[in-house]
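Reader: I have just opened this one and would like to be walked through it slowly. Could you take me around the inside of it?

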Amino acid sequence: MGYFNGNPERLAKYLELLLMQDEASPVAYQSKSSFCRIHVILTTHCNLNCVWCHRREEHLQDYLDREIDYSKLVDLLPQLQGFEMIHWAGLGEPLLYRKIYEATQLARKYIPNVMITTNGTLLTPEVCDKLIQSGLTRIEVSIDGFDGKANERYRGSSVNKVIKYLEYISNNSSISIQINSVLTNLNYEALFDAIDHLKGIRNIDCIHTIPLFMTKYMIDNGIKVITDDRHKELLKHWHNKIGEYGLNIKLRPDTTETQVVDPIIIMKRRHNICFSIYEDPIINIDGYIVPCGRLQHISLENVLEKGFDDAWNGPLCIKWREGQLKGIYDVLCERECYMKNTVQK
C-alpha cells in the first residue's frame, strides 16, 4: 500500500474501480492535492532516437517537433495551483524547450515542486546551474544500461557523461534525483551494475524500473518484455548492493512487495481497468487533457478554455472513462498495455 501513502482520495478511487468495475463512476473526484503530480508537455523535439521510444510510431508523426507556446503556458500555470508537483515530460526532451528556465521559475509561483524527466545528455554544468537558479526541485533521468555500451546502443548517449553531469548537480544543489530504466530482453544484463556506477551521486533517492510498453517497432524487431521473476532478480541484486554501500535509495517497485509490478499495472493485467485517466492527468502541447503518456496525440478537453477542474471531468473525459469501464479500448491500448477490448468491433 506504499504506493498510496498520503493519498487517501487516490486509494478510494482505486478501490472503487476494483470493487465496482463497470458500475464505478467515470468521475475522477480527487482534489488536486491528492495527485502525485500534473504532467505538462513542453516540447516534442528530441535530440536522441531511443530504440524503444514511441516517437517511432507512425500515428505520432504529426505531433512531433512542436512545442507549447509560452503565452499559453503563462495562462495555463495559474489554473494548476493546488497541485503539489508539476512534471515537464512527454515525447520530447524538455531541456530543448527554449524557455525551460522561465517556465520552471513561473511554475514555482503556483506549485511547490517542479520536476523534469530528461535523457541527461544536455545536463552540462552551465545548464545545471540555470536549472538550480530557476527553482527546479527534482530530476528524473533515463538510463538503460551501465556497461558502457548498452545506453549508447539503445539510447544514443554516453552513460559515463550523464553520470558525470548528475554528480555535478548533486554536488551543487539539493535537487533530488531519480533514475528511470526501461526493462527489455536487450538491456537486462546491462542493468545489474547500476548501483556500482550510481553510488557516488548522493542526491539519488529512487531507481524506477519501467516495464516495456510494446510498439510496432519493438514487435517487428523482436524486443520483448522480461518476466516478473527476472525483474525480481534484478531488484534483489540492487537491494543487496544498496545495503552493501549503505545508501538511502528506494526501489520502485520495491523487492519487499509481494508483487514486482505496481498496483496500476496489476489493475490492468488482472481486471482490465486503466487507472491513468483517473489519477495521472497529462496536458499536451496544445493544452488538452490526454488519456495517457502514450496517447498524447488524442486530445480530450482543453484546459486553457475550460480550466483544469471542468476539463478533467468534462464530457469527453467522462466519455473516454465510460467506454473503458465497458471494456472499449483503443487499439493502441490493446497493443501497448495489453488491455482487452471486450466489446464486439
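**Cavities, a helix and some rings**

Author: Let us begin with an enclosed space: in the second largest cavity, α14 supplies the largest share of the lining, with 3 residues. Please keep in mind throughout that this is a predicted model.

Reader: Okay, and which residues line that second largest cavity?

Author: Its lining is made up of Asn 272, Ile 273, Cys 274, Tyr 278, Arg 321, Gln 324, Leu 325 and Tyr 329. Sorted by class, the lining of the second largest cavity has 5 nonpolar, 2 polar and 1 charged residues, and the space inside comes to about 30 Å³.

Reader: How many cavities are there, and what is the volume of the largest?

Author: The count is 2 cavities of 30 Å³ or more, and the largest cavity has a volume of about 110 Å³. It is lined by 15 residues, of which Cys 274, Cys 292, Leu 295, Gln 324 and Cys 333 are the closest to its centre.

Reader: Which helices supply the lining of the largest cavity?

Author: At least two residues each come from α11 (276-279), α14 (315-325) and α15 (331-336), and α15 gives the most, with 3 residues. By class, the lining of the largest cavity has 10 nonpolar, 2 polar and 3 charged residues.

Reader: Gln 324 came up for the largest cavity; where is it found, and is it buried or exposed?

Author: Gln 324 sits in helix α14, and it counts as buried because its relative accessibility is 9%, which is under the 20% limit used for that word. If we set aside neighbours within four places in sequence, Gln 324 is in contact with Cys 274, Ile 277 and Tyr 329.

Reader: Changing topic, which residues of helix α4 are buried?

Author: In α4, which spans residues 125-134, the buried residues include Val 127, Cys 128, Leu 131 and Ser 134. These four lie on the same side of α4, because they cover an arc of only 125° around the axis. As background, an α-helix has 3.6 residues a turn, so residues three or four places apart point the same way.

Reader: What is on the other side of α4, and what covers the buried residues?

Author: On that other side, Glu 126 and Gln 133 are exposed, whereas the buried residues of α4 have a cover that includes α3 (100-107) and α6 (159-172). Just after α4 comes Gly 135, which takes a positive phi of about 100°.

Reader: Now for the rings: how many aromatic pairs are there in the whole structure?

Author: A search of the whole structure gives 8 aromatic pairs. In one of them, Tyr 14 and Phe 275 have ring centres 5.4 Å apart and planes at 80°, so this pair is edge-to-face.

Reader: Where do Tyr 14 and Phe 275 lie?

Author: Tyr 14 belongs to helix α1 (residues 8-20), while Phe 275 is in the loop between α10 (263-271) and α11, so the pair ties together parts that are 261 residues apart in sequence. Tyr 14 is buried, with a relative accessible area of 7%, and Phe 275 is buried too, at 0% relative accessibility.

Reader: What about Tyr 188 and Phe 192, and which residues form an aromatic cluster?

Author: Tyr 188 and Phe 192 form an edge-to-face pair, 5.2 Å centre to centre with 90° between the planes, and both residues are buried. The residues Phe 35, Phe 83, Phe 308 and Trp 312 together form one aromatic cluster.

Notes:
Residues are numbered from 1 along each chain as its sequence is written. This is a predicted model: local features need pLDDT of at least 70, side-chain atom pairs count only at pLDDT 80 or more; totals for chains, interfaces and linings use all residues. Side-chain values use heavy atoms; hydrogens and water are left out. On a 1 Å grid over the protein atoms alone, a cavity is a set of points where a 1.4 Å probe fits but cannot get out, and a pocket is an open set with protein on both sides within 12 Å along at least five of seven lines; lining residues have an atom within 4 Å of a point. Grid points are joined across faces, edges and corners, and a volume is the space filled by probe spheres set on the points. Ala, Val, Leu, Ile, Met, Phe, Trp, Tyr, Cys and Pro count as nonpolar, Asp, Glu, Lys and Arg as charged, and the others, Gly among them, as polar. Buried means under 20% relative accessible area, exposed over 50%, partly exposed in between (1.4 Å probe, protein chains only). The arc is that of the directions from the helix axis to the C-beta atoms. Contact means heavy atoms within 4.5 Å. Rings of Phe, Tyr and Trp (its six-membered ring) pair if their centres lie within 6.5 Å; planes under 30 degrees apart count as stacked, over 60 as edge-to-face and the rest as tilted.
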